[in-house]
Amino acid sequence: MMDQICKRELCTGCGMCTLVCPKQCIILQQNSEGFLYPEIHVEQCIDCKKCKRMCPANRAIDTVPYKKVYAAWSKNSKTKQNSSSGGIFFELAQYVLKQSGFVCGAVLDMPQLELYHLVSDQIKDIERMRGSKYFQSNSVHAYKMVKEKLIAGCLVLYSGTGCQIAGLLRYLEGIDQTNLITVDVLCHGVTSRKVVQKYLQTFPKNDMLVDLIFRNKDLGYGGVCIKRTYADGTCEYGKSREDLFMLAFNHNLCLRNSCYHCAYAGPERIADITIADFWGLGEIKPFPEKQDGGTSLLLTNTQKGEHIVEQIKNCLYLYERTYQEARRKNRCLVKPSKYNKNRVHFFSLLDQENFESLVRRFVPQNTTLIKLKSFSQILMLKLRRKFARLWYRE
Ligand SMILES: Cc1cc2nc3c(=O)[nH]c(=O)nc-3n(C[C@H](O)[C@H](O)[C@H](O)COP(=O)(O)OP(=O)(O)OC[C@H]3O[C@@H](n4cnc5c(N)ncnc54)[C@H](O)[C@@H]3O)c2cc1C
Ligand code: SF4
Ligand code: SF4
Ligand code: SF4
């Protein structure tokens, strides 16, 4: 009987296999690192190998080269303020709602810290989908809902990571996908719910936590800033260069194993549209507009993607740019995240050691040397932008 569907290090946890098994004998189980992996109840398995045949990690989904590259952001400042970068997702979602369609995206239930994909045509749900949540969302139930809506002839926008879209597309094989719009968030990796729990436990008021936002802009935009809100009305912020979770996440210390082999990194894209942050904008060719509050990178990858962007372009500031510029500061437009050699050690100690000392052990400290490095990086960025302006003026 089968006990493994694909190579364990390639399993993305998309959960699609649990839906296609004719005996329904696959369940997603959390492993010791806190990531979801499929487990087969071998006594019920009839060895039909359907799960193996369908799994996107065994048989890749077709990808397509990107078509156009834009720097973009919403004209609505409130939308931008409440989104991770330029608010492109929210503009796309509003367009779909206006067409009486449904939107599927990740919502976070607090204080339970449950992250899952929801399908909805209600604006209050779409508002909850906004914003990046940096751990893995469970999309299994949503896959079923998306299929039902498409069979009923509804327009559906599905937004998620590349591997979630792969699971969805495989699950929908044989179904008419004319009414499906896919949007992938350019993703360098996800961590597990357990890692986020361990991080939150380091804060004295953790029991009173009522809300968690991974990308908050109260203190401005210029990097990632986590906001924790408590029942007594107080809140705390963690900036990416100091926050323990962001240090571990950005140093690739706590990503899912499949993320280091991600099949959805690079210029070949899986979705109609790709959305990301446009880090490095203006460093090669000057960018004339003032950037504040978040600038998105928007890639159109299919004709459908181009058509949808055409429909919402009046709601956006939209500037065509080059892939060369876009990939400069976004490694996942070139290749998957680099494996951190301390990853195994980190997870082996996660249950034993305090999260703070664990992160400090494996992530270089904020020493004078690091401060100097980050200062010189900012200086270089400013110089590059200035140089680009001078170069293009001549
Ligand atoms: C795990 C993760 C890693 C990322 N890594 C990068 C990166 O390395 N470089 C980069 O430029 N951008 C990255 N992004 C994308 C970036 O953070 C923004 O989401 C993107 O710029 C879109 O911003 P927005 O303002 O248009 O939309 P937002 O309001 O941010 O909405 C984005 C969409 O993301 C979806 N989403 C949120 N969390 C998850 C999740 N856990 N799983 C699946 N879907 C989710 C929501 O459903 C929503 O539809 C990442 C996003 C995620 C979720
Ligand atoms: S279908 Fe998804 S969850 Fe199942 S084995 Fe393949 S990658 Fe893993
Ligand atoms: S081989 Fe068939 S019955 Fe067994 S787990 Fe896979 S899909 Fe289910
Ligand atoms: S990096 Fe790749 S495998 Fe990991 S969550 Fe993102 S899309 Fe999926």
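Which of the 13 residues around ligand 3 come nearest? In this predicted model, they are Cys21, Cys45, Cys48, Lys49 and Cys51. The legends below begin with that site.

**Figure 1. Close-up of ligand 3 in the largest cavity.** Of the 13 residues that surround ligand 3, the nearest are four cysteines and a lysine, namely Cys21, Cys45, Cys48, Cys51 and Lys49. By class, the shell comprises 10 nonpolar and three charged residues, with no polar residue. The cavity that holds ligand 3 is the largest, and its volume is about 80 Å³. Its lining is made up of 13 residues, among which Cys21, Cys25, Cys45, Cys48 and Cys51 are closest to the centre. The lining divides into nine nonpolar and four charged residues, and polar residues are absent from it. The structure holds one cavity of 30 Å³ or more.

**Figure 2. Backbone of the loop between S2 and helix H2 (50–54), at aspartate 47.** Aspartate 47 has a positive phi, near 60°, although the residue is not glycine. The loop that contains aspartate 47 runs between strand S2 and helix H2.

**Figure 3. Close-up of ligand 2 in the second largest pocket.** The shell around ligand 2 includes the cysteines Cys6, Cys11, Cys14, Cys17 and Cys55. It is completed by Ile5, Thr12, Gly13, Gly15, Met16, Pro38 and Pro56. Nine of the shell residues are nonpolar and three are polar, while none is charged.

**Figure 4. Close-up of ligand 4, which also sits in the second largest pocket.** Three cysteines, Cys163, Cys187 and Cys259, are found around ligand 4 together with a further one, Cys262. The other residues of the shell are Thr161, Gly162, His188, Gly189, Val190 and Ser258. The shell divides into five nonpolar and five polar residues, and it has no charged residue.

**Figure 5. The second largest pocket and its lining, formed by 45 residues.** This pocket encloses about 600 Å³ of space. Two or more lining residues come from each of helix H1 (16–20), strand S2 (36–40), helix H7 (162–171) and strand S8 (180–185). Leu10, Cys11, Thr12, Gly13 and Ser258 are the lining residues that lie nearest the centre of the pocket. Of these residues, Cys11, Thr12 and Gly13 also belong to the shell around ligand 2, and Ser258 belongs to the shell around ligand 4. By class, the lining has 27 nonpolar, 12 polar and six charged residues. The pocket lies between domain 1 (8–54) and domain 2 (63–380), because both domains give residues to its lining. Ligand 2 sits in this pocket, as does ligand 4.

**Figure 6. The hairpin of strands S5 and S6, an antiparallel pair.** Strand S5 spans residues 102–109 and strand S6 spans residues 114–120, and seven bridges join them. One of the bridge pairings sets alanine 106 against histidine 117 of S6. Four residues lie between the strands of the hairpin, in which leucine 113 adopts a positive phi near 60°. Proline 111 is located in the loop between S5 and S6. The peptide bond that leads from methionine 110 into proline 111 is cis, and its omega is near 10°.

How values were computed: Residues numbered from 1 in each chain as written. Chains lettered and ligands numbered in written order. Predicted model: local features only at pLDDT ≥ 70, side-chain atom pairs only at ≥ 80, totals over all residues. Heavy atoms only, no water. Near = heavy atom within 4 Å. 1 Å grid on protein atoms, 1.4 Å probe; cavity = no way out; pocket = protein on both sides within 12 Å on 5 of 7 lines; lining within 4 Å. Sits in = over half its atoms within 2 Å of the grid points. Nonpolar A, V, L, I, M, F, W, Y, C, P; charged D, E, K, R; others polar. Points joined across faces, edges and corners; volume = space filled by probe spheres on them. Domains from an automatic or database assignment. Pairing = 2+ DSSP bridges.
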